[in-house]
Amino acid sequence: MSYVARDDRPADKADRYAEVEAEILAVLDGEPNLTARMATVASMLADAFDHYFWTGFYVVAPDKTPDGADELVVGPYQGTLGCLRIAFGRGVCGTAAATRQTQLVEDVHAFPGHIACDSRSASEIVVPVLDASGELIAVFDVDATTPAAFDAVDQAGLERLMAKVFAAG
Ligand code: SME
């Protein structure tokens, strides 16, 4: 499934991103707690788009592994059980964290090292999340059950939203 507009929603997916971004920013106004901010983003985005199947954050773990490597640990999410920890460089989330580049994956089964937390996932997008000082604090991961469910409109909408929620001064 790709974007499906309902009666109460804009026909255009980019307009829907702009609308939900404004709603999220209004809800989060004055709330500094990072967990509250991530939980609100995951909840409101999962509710806003029918093509979202698993929606959530993997945060940069505060401590390195015993062998000195960085890893991600699961944060606030909506969906079926997610893997708890992902090494930087591993799978789609770990690649987004290691490269700080959004990963837009039309077919997860063709992605080297993809981690299948739920076998129903077919495509995904993972966006790096930076704080106001440019530090990587998390990645935001959305999975869909159909191939190629995400496109450049999802990427632009999510990159802008993450910048406004987590990197704005
Ligand atoms: N698909 C991800 C793993 C996380 S889950 O799908 C919730 C990946 O390969 O990074």
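This is a dialogue between a student and a teacher about reading a predicted model.

Reader: Where should I start, and how long should helix α2 be?

Author: Start with the count of residues. Helix α2 covers residues 34-48, which is 15 residues, and at 1.5 Å a residue it should span 21 Å. Its end C-alpha atoms are 21 Å apart in this predicted model, so the two values agree.

Reader: Which residues of α2 are buried?

Author: Begin with the general pattern. An α-helix has 3.6 residues a turn, so residues three or four places apart point the same way. In α2 the buried residues are R37, M38, T40, V41, A42, M44, L45 and A48.

Reader: What covers those buried residues of α2?

Author: The cover includes two helices, α1 (13-28) and α4 (152-167). It also includes the strands β1 (54-60), β2 (71-78) and β6 (136-144).

Reader: What caps the N-terminal end of α2?

Author: The cap is N33. One of its side-chain oxygens lies 3.0 Å from the backbone nitrogen of T35.

Reader: Now the strands. In which sense do β1 and β2 pair, parallel or antiparallel?

Author: They pair in the antiparallel sense, over 5 bridges. On the other side of the comparison, β2 and strand β3 (residues 85-87) also pair in the antiparallel sense, over 3 bridges. To follow the pairing by eye, find T55, which stands opposite Q78 in β2, and then L72, which stands opposite I86 in β3.

Reader: What should I look for in the hairpin of β2 and β3?

Author: Look at the residues between the strands, of which there are 6. G79 takes a positive phi there, near 140 degrees.

Reader: Is β2 enclosed or open?

Author: Count its buried residues. Of the 8 residues of β2, 6 are buried, so the strand is largely enclosed by the rest of the structure.

Reader: How do I read a single strand residue, such as T55?

Author: Keep one general idea in mind. In a regular strand the side chains alternate between the two faces of the sheet. T55 lies in strand β1, and its relative accessible area is 1%, so T55 is buried. Leaving out residues up to four places away in sequence, T55 touches A42, L45, A46, Y77, Q78, F140, D141 and V142.

Reader: And what does V74 touch?

Author: V74 is found in strand β2. With the same kind of sequence neighbours left out, meaning those up to four places away, V74 touches W54, F57, Y58, C83 and L84. G157 is 83 residues from V74 along the chain, and their C-alpha atoms are separated by 22 Å.

Reader: Is a loop residue such as T65 buried or exposed?

Author: T65 lies in the loop between β1 and β2. Buried means under 20% relative accessible area, and T65 has 16%, so T65 counts as buried. The side chains of T65 and D67 are joined by a polar contact of 2.5 Å.

Reader: How many residues of helix α3 are buried?

Author: Helix α3 (residues 91-99) is mostly covered, with 7 of its 9 residues buried. These are G91, V92, C93, G94, T95, A96 and A97. They pack against β1, β2, β3, β4 (103-105), β5 (123-130) and β6.

Reader: What should I notice just after α3?

Author: Look at the sign of phi. Most residues other than glycine have a negative phi. R100, which follows α3, has a positive phi, near 55 degrees, although R100 is not a glycine. R100 lies in the loop between α3 and β4 and, at 41% relative accessibility, counts as partly exposed.

Reader: What is the phi of A148?

Author: The phi of A148 is near 55 degrees, a positive value in a residue other than glycine. A148 sits in the loop between β6 and α4. Its relative accessible area is 41%, so A148 is partly exposed.

Reader: Last, the ligand. Which residues are around the ligand?

Author: They are W54, Y58, I86, G91, V92, C93, H114, I115, C117, E124, D141 and D143. An oxygen atom of the ligand is 2.7 Å from a polar backbone atom of C93. A nitrogen atom of the ligand is 3.3 Å from an N or O atom in the side chain of H114. For D143, an N or O atom in the side chain is 2.8 Å from an oxygen atom of the ligand. Taken alone, the ligand exposes 300 Å², and the protein buries 99% of that.

Conventions
Residues numbered from 1 in each chain as written. Predicted model: local features only at pLDDT ≥ 70, side-chain atom pairs only at ≥ 80, totals over all residues. Heavy atoms only, no water. Helix = DSSP H or I, 4+ residues; strand = E, 2+ residues; numbered from the N terminus. Expected span 1.5 Å × (residues − 1). Buried < 20%, exposed > 50% of the residue type's maximum accessible area, 1.4 Å probe, protein only. Contact = heavy atoms within 4.5 Å. Polar contact = N/O pair within 3.5 Å; in protein donor to acceptor, adjacent residues only side chain to side chain. Near = heavy atom within 4 Å. Areas by Shrake-Rupley, 256 points an atom, 1.4 Å probe, with all protein chains shown as cover. Pairing = 2+ DSSP bridges.
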